[in-house]
Amino acid sequence: MAAILIFRRLRSPLITLHDILERARAAGQKLAAGEALWLFAAVTRLAAAQKSTVRSRLVHLDPSGSIQLARFDEKRADDEPGYLAPELLERGAPAKTEPRVQVYAAGALGYELLTGQPAPDPRKGPGPELTGPVADLVRIAMARDRRERFGDLQQLREAVDGLQRPAGADSERQAFAALVARGEKWAGMPEMDRAALAKLIEHVSHLGRQIDAVRSGMADVQRDQQDVNTRVGILESRGSGQSVVVRSGSGFAVGLLGGILGAAVAAAALFGAGLLNPSAIRALAAHRTAGRTPAAVEPRPAPAVASVVPAPAPTTTSDTTTTSNTTSTATSNPTRATNTTPTAPSPRPSPAELARAVAEAQVKRGDLELERGRYEAAAEEFQQALTNDAALAVAWRGLGIAHLMRHDEESARRAYEKYLQLAPAAPDARDIRKAIAELNARAKIGAGAEK
């Protein structure tokens, strides 16, 4: 499956940020730091523009990555106590729409995004679990003494923008769409299935090396067959006094076929879990079939091992004639002597086809790493895929996404341009061009600021 993460359209309705965070906690997952900061900045920007009180259940995301902030109803019973400012628990409490109370609620959302934990008891405040470059900003927003907080949501927004340069609209949508997709997977995966999938993911990184070992072994088998063919030709050229008996089978080949079978079984298990591209499995199966029938250089089947059996000594003239005829028949037609019917060689995939299959499997692993928020690992998988097949367009797009999520905008732009060069008519080409234009504009703004 191609790496269509940023423009995927799901059939699910709007989902709240509260649901995503709850599902992540149930799945033992946590948002990446960069992703959490982008969300915090986006929600703070909306809240400041609307002068609205924030709650995680009021933040809605759709499958395309668009984000909305629903209106806060002060009369409704509050089911998120961690978002209540300390002064709301005392007599003469202000309204929940008072500016510094709104700042505390926005800080509570930042705490939940950054730590993956529910907002703490307002009477205790955040502890040492709140770490990272944004921690001080969130601590100010959640100060127990309201006088120490930001004056209003606009001041909080300016402070967040000072730490993180605002992302472009397209980049945000792409990141949030991937988050919604992960949230759907967290919701639909039973606990036992998650544990089994985690074990498969741990082993899937070894599959590429196993395939490389199989390719190396197949090359060794082909060299051994050519050597045996040469030796058989020398033995046959010695004349009719010797007969050649061809025995099929090779210890090395049998061992190699066992290894191929094991790799095929592992690939089948990964395919069942949706982790391996079907083309990679077809390539392995083709190699397994090709290994059973050695390629023939001449009309006879290519032998694996040859031995010479001396002809019996002649006793009479008639016996000598018979022996000579038998030997001549065995030598000139070894196929009849072994009772083997010649078979046409099975087509085997070329090295380029196998490299493409391996690269597609690595792209699949890169997709999984993106969905898990592990952008460094995703970039490494896509780089390995491009090492195997530099013309695989989806690998360039996946690499661009990974770089963008790592805030390496220049590398993301180059990867996107390479993707469009290889797939100019792709369905998402228009969106990618818009993203490139936005990255170029931001680069010019940054260069002007440096001057």
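**Entry 1. Burial and surface**

I started with burial over the whole chain. Buried residues make up 45% of the 451 residues. The model is predicted, and I keep that in mind throughout. I then looked up the exposed surface, which comes to about 22900 Å². Carbon and sulfur atoms supply 54% of that area.

**Entry 2. Secondary structure and contacts**

I counted elements next. The chain has 16 helices and five strands. How much of the contact list is long range? I took contacts with a separation of 6 or more, and residues 24 or more positions apart account for 68% of them.

**Entry 3. The nonpolar core**

I asked which residues have the most contacts inside the largest nonpolar core. They are Leu 39, Leu 61 and Leu 113, in a core of 86 residues. In soluble globular proteins, nonpolar side chains tend to be buried together. I followed Leu 39 further, setting aside its neighbours within four places in sequence. Leu 39 is in contact with Leu 61 and Leu 113, and also with Leu 17, Leu 31, Ile 67, Phe 176 and Leu 179.

**Entry 4. Helix H1**

Leu 17 led me to H1, which covers residues 17–26. Which of its residues are buried? I found Leu 17, Ile 20, Leu 21 and Ala 24. Down the helix axis, the buried residues of H1 fall within an arc of 95 degrees, so they line one face. Just after H1, I noted Gly 28 with a positive phi of about 70 degrees.

**Entry 5. The sheet**

I traced an open sheet of three strands, ordered E1-E2-E3 with antiparallel pairing. Strand E1 (15–16) and E3 are the edge strands, each with a single partner, so one side of each has no neighbour in the sheet. I checked the E2 to E3 pairing and found three bridges. Leu 61 stands opposite Ile 67 in E3. Both residues are also on the contact list of Leu 39. I then looked at what packs on these strands. H2 lies across E2 and E3, at about 45 degrees to E3.

**Entry 6. Leu 58**

I moved to the loop between helix H2 (33–50) and strand E2 (59–61), where Leu 58 sits. Is Leu 58 buried or exposed? Its relative accessibility is 6%, so Leu 58 counts as buried. Leaving out neighbours within four places in sequence, I listed its contacts as Thr 53, Gln 68, Leu 69, Ala 70, Arg 71 and Phe 72. I also took one C-alpha distance: Leu 58 and Ile 15 are 43 residues apart along the chain and separated by 9.9 Å.

**Entry 7. Lys 96**

Lys 96 lies in the loop between strand E3 (67–69) and helix H3 (99–115). Why does this lysine count as buried? Its relative accessibility is 17%, and the cut-off for buried is under 20%. Beyond the neighbours within four places, I found Lys 96 in contact with Glu 74 and Asp 78. Its other contacts are Thr 53, Arg 55, Phe 72, Leu 84, Leu 88, Val 101 and Gln 102. Thr 53 and Phe 72 also contact Leu 58.

**Entry 8. Positive phi outside glycine**

Most residues other than glycine have a negative phi. I looked up two residues with a positive value. Lys 51 has phi near 50 degrees. Lys 51 is in the loop between H2 and E2, and is exposed at 70% relative accessible area. His 407 has a positive phi of about 65 degrees. His 407 is in the loop between helix H14 (393–405) and helix H15 (409–422). With a relative accessible area of 37%, His 407 is partly exposed.

Technical notes:
Residues numbered from 1 in each chain as written. Predicted model: local features only at pLDDT ≥ 70, side-chain atom pairs only at ≥ 80, totals over all residues. Heavy atoms only, no water. Core = buried A, V, L, I, M, F, W, Y, C linked by side-chain atoms within 4.5 Å. Buried < 20%, exposed > 50% of the residue type's maximum accessible area, 1.4 Å probe, protein only. Contact = heavy atoms within 4.5 Å. Helix = DSSP H or I, 4+ residues; strand = E, 2+ residues; numbered from the N terminus. Arc of directions from axis to C-beta. Pairing = 2+ DSSP bridges. Axes fitted to C-alpha atoms, helices over the stretch in contact; angles between N-to-C directions. Areas by Shrake-Rupley, 256 points an atom, 1.4 Å probe, with all protein chains shown as cover.
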